[in-house]
Amino acid sequence: MCTGCGEMFDKRSLVRVVKSPEGEISLDLTGKKNGRGAYICRNVECLKKARKKKALERAFSMKIEDDIYEKMEEEIADGNE
């Protein structure tokens, strides 16, 4: 399920956001990184919705800095070109 729009999709069509055991947040384009994961659509708008609702912060029980969101937006935008 996308944490941004709340719709159900096949897992392979979503992007995994992962919190590593060290506490770092990043996109997991391979789906194989260690850590707790949450999923979002391959769409910058869904990431913005998740950011506004603080859905990823709740999923990972931690504050996510603005620069991390901006980096994730760039990676999703680059992946959709």
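What follows is a walk through the fold of this predicted model, from the whole chain down to a handful of residues.

The protein chain is built from 3 helices and 3 strands. The order is easy to remember: going along the sequence, the pattern reads β-β-β-α-α-α. As for overall dimensions, the C-alpha trace spans about 30 × 25 × 25 Å along its principal axes. The radius of gyration comes out at 11 Å, which agrees with the value near 12 Å that a compact globule of 81 residues would have. Buried residues account for 35% of the 81 residues. Contacts also reach across the sequence: taking those between residues at least 6 apart, 49% join residues at least 24 apart.

On the outside, the protein chain exposes about 5,300 Å², and carbon and sulfur atoms supply 48% of that area. There are 17 positive and 16 negative charges, and the mean positions of these two sets sit 7 Å apart.

The strands offer two arginines worth a look. Arg-16 belongs to strand E1, which covers residues 14–19. With a relative accessible area of 10%, Arg-16 falls under the 20% cut-off and so counts as buried. Its contacts, leaving out residues up to four places away in sequence, include Ser-26, Leu-27, Asp-28, Gly-31 and Lys-33. Also touching Arg-16 are Gly-35, Arg-36, Gly-37, Ala-38 and Tyr-39. One of these partners, Gly-31, is 15 residues away along the chain, with 6.2 Å between the two C-alpha atoms.

Arg-36 is in strand E3, residues 36–41. Here the relative accessible area is 52%, over the 50% cut-off, so Arg-36 counts as exposed. Setting aside neighbours within four places in sequence, Arg-36 is in contact with Arg-16, Val-17, Val-18 and Lys-19, as well as with Ala-59 and Phe-60. The C-alpha atoms of Arg-36 and Val-17 are separated by 8.3 Å, and the two residues are 19 apart along the chain. Arg-16 and Arg-36 therefore pair a buried arginine with an exposed one, and the two are in contact.

On the helical side, two loop residues stand out for their backbone angles. Lys-54 sits in the loop between helix H1 (44–53) and helix H2 (55–60). Its phi is near 60°, a positive value in a residue other than glycine. Lys-54 has 45% relative accessibility and counts as partly exposed. Ser-61 lies in the loop between H2 and helix H3 (66–79). Phi of Ser-61 is near 55°, again positive in a residue that is not glycine. At 66% relative accessibility, Ser-61 counts as exposed.

Helix H3 itself carries Glu-73. Though acidic, this glutamate has 18% relative accessibility and counts as buried. Glu-73 touches Val-44, Leu-47, Lys-48 and Arg-51, not counting residues up to four places away in sequence. Ser-13 is another matter: Glu-73 and Ser-13 are 60 residues apart in sequence, and their C-alpha atoms lie 17 Å apart in space.

That leaves the cysteines. A disulfide is a covalent bond between the sulfur atoms of two cysteines. Taking a pair of cysteine sulfur atoms within 2.5 Å as the test, the count comes to 0 disulfides. Cys-5, for one, is in no disulfide, and its nearest cysteine sulfur, that of Cys-2, is 3.6 Å away. Cys-5 is partly exposed, at a relative accessible area of 26%. For Cys-46, the closest cysteine sulfur is in Cys-41; the distance is 3.6 Å, too far for a bond. Cys-46 is buried, with a relative accessible area of 5%.

Definitions and conventions:
Residues numbered from 1 in each chain as written. Predicted model: local features only at pLDDT ≥ 70, side-chain atom pairs only at ≥ 80, totals over all residues. Heavy atoms only, no water. Helix = DSSP H or I, 4+ residues; strand = E, 2+ residues; numbered from the N terminus. Rg over C-alpha atoms; globule rule 2.2 N^0.38 Å. Buried < 20%, exposed > 50% of the residue type's maximum accessible area, 1.4 Å probe, protein only. Contact = heavy atoms within 4.5 Å. Areas by Shrake-Rupley, 256 points an atom, 1.4 Å probe, with all protein chains shown as cover. Lys, Arg positive; Asp, Glu negative; His and termini not counted. Charge placed at Lys NZ, Arg CZ, Asp CG, Glu CD.
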